[in-house]
Structures are given as C-alpha cells and as structure tokens.
Amino acid sequence: MSGRVMSEQAFLVLTALAEEPLHGYAIVQAVEQLSEGRVELRVGTLYGVLDRLVADGLAERDREEVHQGRLRRYYKLTDSGVRALQAEVARLSANVRAASAVLRGRGVQAWTTGRA
C-alpha cells in the first residue's frame, strides 16, 4: 500500500479475496459478512478500493464472465496482497495487544464478542 495505512475497507476486501477470486457483488456481500454488518460497501466505493488495490499490485483482475446478460469482473489476491494482508493482521494484532494491556491496567475488559 505504498507506505499508507491500510483502510478498513481495503483490509476487508483483501480478506474477502484471500479465499477465492470474487466478482464485485460477491465482494460487497463478503465484506458485509466479515464485518458482521458494520461495513456496507457501495459500488462506487468498492471499485475505488479495488482500483487502488490493483494499482498497488495487491489484487488483480482474474477473469470476466457474462451472467444473465451482465458482465462480471472477478478479482483475486496477488502474492503481494497476501503479504500486505499478513502484515496488516500483525499490525492490528499488536495494536489490540497494546490497548488491551492498558485497559486491563485500568481494570476494564478489553472487548467482548457480543455473542452469548
């Protein structure tokens, strides 16, 4: 990502693409599921994120297919994208550990999963 901090949207798109190549609408759905509904990508935002990821060499076009008369363009993660995602996971994990330690020091539970 050229020295930039990775946005949450880019992180989630890369995460969605880590499993398999996906077309735009499938990426939108995967991001919504991965974020448990916190992040809803609009089409314009999605393609802006994808354009940046492609320009940075983190994702690339995989193929195009016509489905019900509409063109579906599939994207996939590159090896550089895998490394960038791995680095971002490490960065975020370190931040979580640091914040959790500070909160524990104040007697506060760091986070809850929100699940029963």
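## Contacts along the chain

In this predicted model, contacts between residues at least 6 apart in sequence can be sorted by how far apart the partners lie along the protein chain: 49% of them join residues at least 24 apart.

## Overall make-up

The protein chain contains four helices and three strands. Following the sequence, these elements come in the order α-β-α-α-β-β-α. A helix therefore stands at each end of the pattern, with α written at its start and at its close.

The C-alpha trace extends over about 60 × 35 × 20 Å along its principal axes.

## Surface and interior

The protein chain has 116 residues, and 30% of them count as buried. The area that the chain exposes comes to about 7800 Å². Carbon and sulfur atoms supply 49% of that area.

## Helices H1 and H2

Helix H1 covers residues 8–17, and helix H2 covers residues 24–34. The two helices pack with their axes 9 Å apart, at an angle of about 110°. Because angles of 65 to 115 degrees count as roughly perpendicular, H1 is described as roughly perpendicular to H2.

Which residues make the contact? On the side of H1 they are Leu12, Val13, Thr15, Ala16 and Leu17. On the side of H2 they are Ile27, Ala30, Val31 and Leu34. How do the residues of this contact divide into nonpolar, polar and charged? Eight are nonpolar, one is polar and none is charged. The polar one is Thr15 of H1.

Definitions and conventions
Residues numbered from 1 in each chain as written. Predicted model: local features only at pLDDT ≥ 70, side-chain atom pairs only at ≥ 80, totals over all residues. Heavy atoms only, no water. Axes fitted to C-alpha atoms, helices over the stretch in contact; angles between N-to-C directions. Parallel < 35°, antiparallel > 145°, perpendicular 65-115°, else oblique. Contact = heavy atoms within 4.5 Å. Buried < 20%, exposed > 50% of the residue type's maximum accessible area, 1.4 Å probe, protein only. Areas by Shrake-Rupley, 256 points an atom, 1.4 Å probe, with all protein chains shown as cover.
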